Amino acid sequence: MEVVVVDGEEKAGLVVADIFCRALASRERPTFGVATGGSPLPTYAELIRRHREEGLSFAGASAFLLDEYLGLSEGHPGLYRTFIEEVFAGGVGLPAERLFGPQVHGVRADAACAEYEERIERAGGIDVQLLGIGGDGHIGFNEPSSSLASRTRIKTLTQETREDNARFFGGDVEAVPMHVVTMGIGTIMEARHLVLVATGEGKAECLARAIEGPLTARVPASVLQMHPHVTVVADEAAASGLELLEYYKETYRGKPDWQSC
Ligand code: F6R
């Protein structure tokens with residue numbers, strides 16, 4: 001696992017945007033797993049800037065939503081599809097037909113989960129999966145106690161997560177759906193490169209438990225310790241609980257050129 005500690009969330013966005021750019025440059029049909037929430041916003045803003053000002057092209061690329069709410073009407077502003085269209089896909093010229101997500105309207109959600117798994121497989125899997133981390137250690141919406149081998153399925157959010165996400169629903173916790181469809185932990189682990197972004201001191205404890213604590217379903221993000229290619233990008237505040245902080249910094253400073261990402 002590579003831990004990159006940066007000075008502020010904008011810098012985190014630059015590091016992650018570089019990873020996206022390398023995938024775009026090296027693959028004909030790159031596939032990206034895209035997270036919502038606050039953590040990836042500087043990355044999406046930087047990618048949009050590069051698209052507009054430097055001609056960065058997403059032609060041939062596809063994106064897959066990491067998760068989606070259940071129970072919101074079609075076109076609801078709280079839907080993650082709407083969110084990603086607004087903060088990322090629309091800005092980089094990724095058309096709606098190449099933005100995939102679990103079908104949560106008009107079909108049974110369990111059938112939609114299986115179909116979504118097949119969709120990802122048909123695309124050849126995910127090259128770069130962008131992740132945030134919940135205060136309780138979740139990745140996607142795999143809450144504590146999720147099976148570390150789980151596939152895309154319906155989950156129930158914890159009260160803590162609903163409270164965290166109320167900010168996207170006008171501060172109203174009751175408006176945050178209780179149920180979601182999320183890529184499973186096993187699904188996420190099949191992506192070729194996992195990139196986790198954590199910023200702000202509110203992430204310090206969960207990040208330390210995920211990176212340096214024991215592997216446990218109590219902290220779903222700790223499963224990243226089992227993946228062969230993980231980049232964690234954290235700002236100083238989020239990294240402040242890491243015991244090996246100085247080692248990570250020294251490693252990144254001395255990173256050889258041949259180790260491209
Ligand atoms: C979002 C997602 C969640 C968030 C996590 C952190 O699609 O699956 O795991 O990444 O809750 O959210 P923020 O970035 O808002 O702190």
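Two strands pair if DSSP finds at least two bridges between them. Helices (H or I, at least four residues) and strands (E, at least two) are themselves DSSP runs, numbered from the N terminus. With that in hand, let us work through some exercises.

The structure is a predicted model, in which local features need pLDDT of at least 70 and side-chain atom pairs count only at pLDDT 80 or more, while totals for chains, interfaces and linings use all residues. Residues are numbered from 1 along each chain as its sequence is written, and side-chain values use heavy atoms, with hydrogens and water left out.

**Exercise 1. The strand β1**

Find the partner of β1, then decide whether β1 is enclosed or open to the outside.

Step 1. Look for the pairing: β1 runs parallel to strand β10 (residues 230-235), and five bridges link the two.

Step 2. Pick out one bridge as an example: V4 has V233 of β10 as its partner.

Step 3. Check each face of β1. On one side sit E2, V4 and V6, on the other V3 and V5, and all of them are buried. Here buried means under 20% relative accessible area, exposed means over 50%, and partly exposed lies in between (1.4 Å probe, protein chains only).

Step 4. Conclude: five of the five residues of β1 are buried, so the strand is largely enclosed by the rest of the structure.

**Exercise 2. The seven-stranded sheet**

Write down the strand order of the open sheet with parallel pairing, and name its edge strands.

Step 1. Trace the seven strands across the sheet: the order is β1-β10-β9-β6-β2-β3-β5.

Step 2. Look at the two ends. β1 (2-6) and β5 (99-100) are the edge strands, since each pairs on one side only.

Step 3. Zoom in on a pair inside the sheet. Strands β2 (residues 31-34) and β3 (residues 62-65) run parallel and are joined by four bridges. In β3, S62 stands opposite T31, and F64 stands opposite G33.

Step 4. Add what lies over the sheet: helix α4 (residues 109-122) crosses β3 and β5, at about 155° to β3. For such angles, axes are lines fitted to C-alpha atoms, for helices over the stretch in contact, and angles run from 0 to 180 degrees between N-to-C directions.

**Exercise 3. A closer look at F32**

Is F32 buried or exposed, and which residues does it touch?

Step 1. Locate the residue: F32 belongs to strand β2.

Step 2. Note its direction. F32 and V34 point one way from β2 while T31 and G33 point the other way, and all four are buried.

Step 3. Read the value for F32: its relative accessible area is 1%, so it is buried.

Step 4. List contacts (heavy atoms within 4.5 Å). Leaving out residues up to four places away in sequence, F32 touches residues including F20, L24, F58, F64, I126 and V128.

**Exercise 4. The two sides of helix α9**

Which residues of α9 are buried, and why can we say that they line one face?

Step 1. Collect the buried residues of α9 (residues 245-253): L245, Y248 and K249.

Step 2. Look down the helix axis. These buried residues fall within an arc of 95°, so they line one face of α9. The arc is that of the directions from the helix axis to the C-beta atoms.

Step 3. Recall the general rule: an α-helix has 3.6 residues a turn, so residues three or four places apart point the same way.

Step 4. Turn to the other side of α9, where E246, Y247 and E250 are exposed.

Step 5. Name the cover: β1, α7 (204-212) and α8 (236-239) are among the elements over the buried residues of α9.

**Exercise 5. The smaller details**

Describe the sheet with antiparallel pairing, then find S145.

Step 1. The open sheet has three strands in the order β4-β8-β7, with β4 (67-69) and β7 (153-156) at its edges.

Step 2. Four bridges join β7 to strand β8 (residues 179-182) in the antiparallel sense; R153 has T182 in β8 as its bridge partner.

Step 3. S145 is in the loop between β6 (128-131) and β7. Its phi is positive, about 90°, although S145 is not a glycine. At 61% relative accessibility, S145 counts as exposed.
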